[in-house]
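Subject: Structure handover

Hi,

Here is the structure for you to look over. My notes on one helix and one sheet follow below.

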Amino acid sequence: MKADIIEVAKRRGFFWKSSDIYQGISGFYDYGPIGSLLKRRFESLWRRYFLGLDDNFHEIESSLIMPENVFAASGHLQSFVDPIVRCSKCGHAERADHILEDILKESFEGLKAGEMMAIIKKHGIKCSKCKGAFSEVGTLNMMFPINVGTGNDVKKAYLIPETAQGAYVNFKACFDVMRRRLPLGLAIVGRAFRNEISPRQGLIRMREFTQAELQIFFDPEMIGSHERFDSIANYKLKLFPVKNRGNQKTEEIQAKEALSFLPKFYVYHMARVQQFYLDILRLPKEKFRFRELAEEERAFYNKYHWDIEIFLESTGWKEIAGLHYRTDHDLAGHEKTSKTSMHVNIDGKGILPHVLEISMGVDRNIYMLLELGYEEEKERTVIRFPRLLSPMDAGVFPLVNKDGLPEKAAEIKSLLEAAGFKAFYDDGGSIGRRYRRIDEIGVPAGITIDHDTLKSNTVTLRDRDTMRQIRVNIRDLSLTMKHFLEGEDMGKLGTIVETKQG
Ligand code: GAP
């Protein structure tokens, strides 16, 4: 069994409960110095990869507070609800599907209220606080309402429950300034707020969290095509379709085979999302899958909806992202409610674009990376983050604090920083202790300056994951670090050297 990741995260400076000195409120977390670096890196990598998919994909920034009309148009006012039960004795409220999930260890998402209540009654499930009986299953809207302004000028508004609406309300303005072409991608990396009834498991279910979402607006007539489909046609997708719920089998099929049940535009982006996780983040293939959602489980705005799931020891398969075909649900809603046309004209043809959404929870991804990477070994604990994502690139260590080694180490640190790497200097304690310290926060490279450095102008480069070391000429250090961070095997970067200290 893995350690308590939330405890590890706090001890090592990744994240902890917000306003902790006042006991805080559940569902709110703050990132510490190491966690902030990790989160920024994830977001930068996300931007580089997803905005790089097309030259008409752009990042925008929009308000965290939006007027009520936006959510009347999007359907959130009416449909963004969770099923809850309330204890008839003490009034304690819980999410009905979560109680069932916790006790019966299977998913009950999407079940109708009556069906959930029947299961609660059948199993005699009682309030966890006072053992009272639960009332009927009701619903609670998950948005945080707020009043903006004072006196007669108060406007009803909400904290945004997803970044997506920012892209929809800005679609027309962005289309006009970005050369009037489709597909147009609008990305937002920012906060979202949901009044979760039972926030839990640290960053998995929060009340304030960060999403990285890309809304791709396209001509619905083009859903059966993608100009770069051939580049992924033979790529194998890992799919867990609804029809396999019984046997729990994940299938591996080529992207072109998926065209028998999904449109090309959707499948192309499935492949790109999978490549982000397997090729860029280098997650183990067996821990990744797309899970198809049944009609009753899908978000109210989706026609096709497959979640991206990662297998975690603590939770089993966990949703960390989704690929949503939202049709014209949102633009049509905003057109109707705002009375502003969302149609565009391309070559004389009036089009109401459809939307494909790639939606990720940044914090859930961070939690997943932390849990997947964390390992307690015999002589050390280590977090094996993907090298490119680690909070820092390298620790730089003088072997001893004399003979000119500290000065040389400071020089190497500056050299690495000038080349764009994030390095830090540490001369405290034995070299073994210093290696352990970087292992514990997942820094991939340990660079040591020893007496040979002064003679041969070389340093040792130690790989966090295998503890193997190579000697690298200082002249080649930046290039070697670049290849190392991109995932190159140590054996290919130099000759492995024997050392006393791991
Ligand atoms: N715009 C679509 C949308 O928001 P979603 O499935 O509700 O879809 C997308 O959320 C992603 O946001 C999820 O896959 C998850 O990673 C993250 N997410 C959703 N609710 C969350 C919460 N309460 N705490 C942390 N992350 C959450």
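This is a predicted model. I start with helix 10, residues 329-338. Its buried residues are Asp330, Leu331, Gly333 and His334. They cover an arc of only 160° around the axis, so they sit on the same side of helix 10.

What covers them? Among the elements over the buried residues of helix 10 are three helices: helix 3 (68-74), helix 7 (164-169) and helix 8 (171-177). Strand 11 (208-218) and strand 16 (316-327) are also included in that cover.

Look just past the end of the helix as well. Lys339 follows helix 10, and its phi is positive, near 55°.

Now the sheet. It is open and has three strands, in the order 6-5-7. The pairing is antiparallel. Strand 6 (93-95) and strand 7 (138-141) stand at the edges. Each has a single partner strand, so one side of each has no neighbour in the sheet. From one strand to the next, the twist averages 50°.

Strand 5 (residues 81-86) and strand 7 run antiparallel and are joined by four bridges. In this pair, Asp82 stands opposite Leu140 of strand 7.

A helix packs on this sheet too: helix 5, residues 96-104. Helix 5 touches strand 5 and strand 6. Its direction makes about 70° with that of strand 6.

That is the handover.

Best wishes

Conventions: Residues are numbered from 1 along each chain as its sequence is written. This is a predicted model: local features need pLDDT of at least 70, side-chain atom pairs count only at pLDDT 80 or more; totals for chains, interfaces and linings use all residues. Side-chain values use heavy atoms; hydrogens and water are left out. Buried means under 20% relative accessible area, exposed over 50%, partly exposed in between (1.4 Å probe, protein chains only). Helices (H or I, at least four residues) and strands (E, at least two) are DSSP runs, numbered from the N terminus. The arc is that of the directions from the helix axis to the C-beta atoms. Contact means heavy atoms within 4.5 Å. Two strands pair if DSSP finds at least two bridges between them. Axes are lines fitted to C-alpha atoms, for helices over the stretch in contact, and angles run from 0 to 180 degrees between N-to-C directions.
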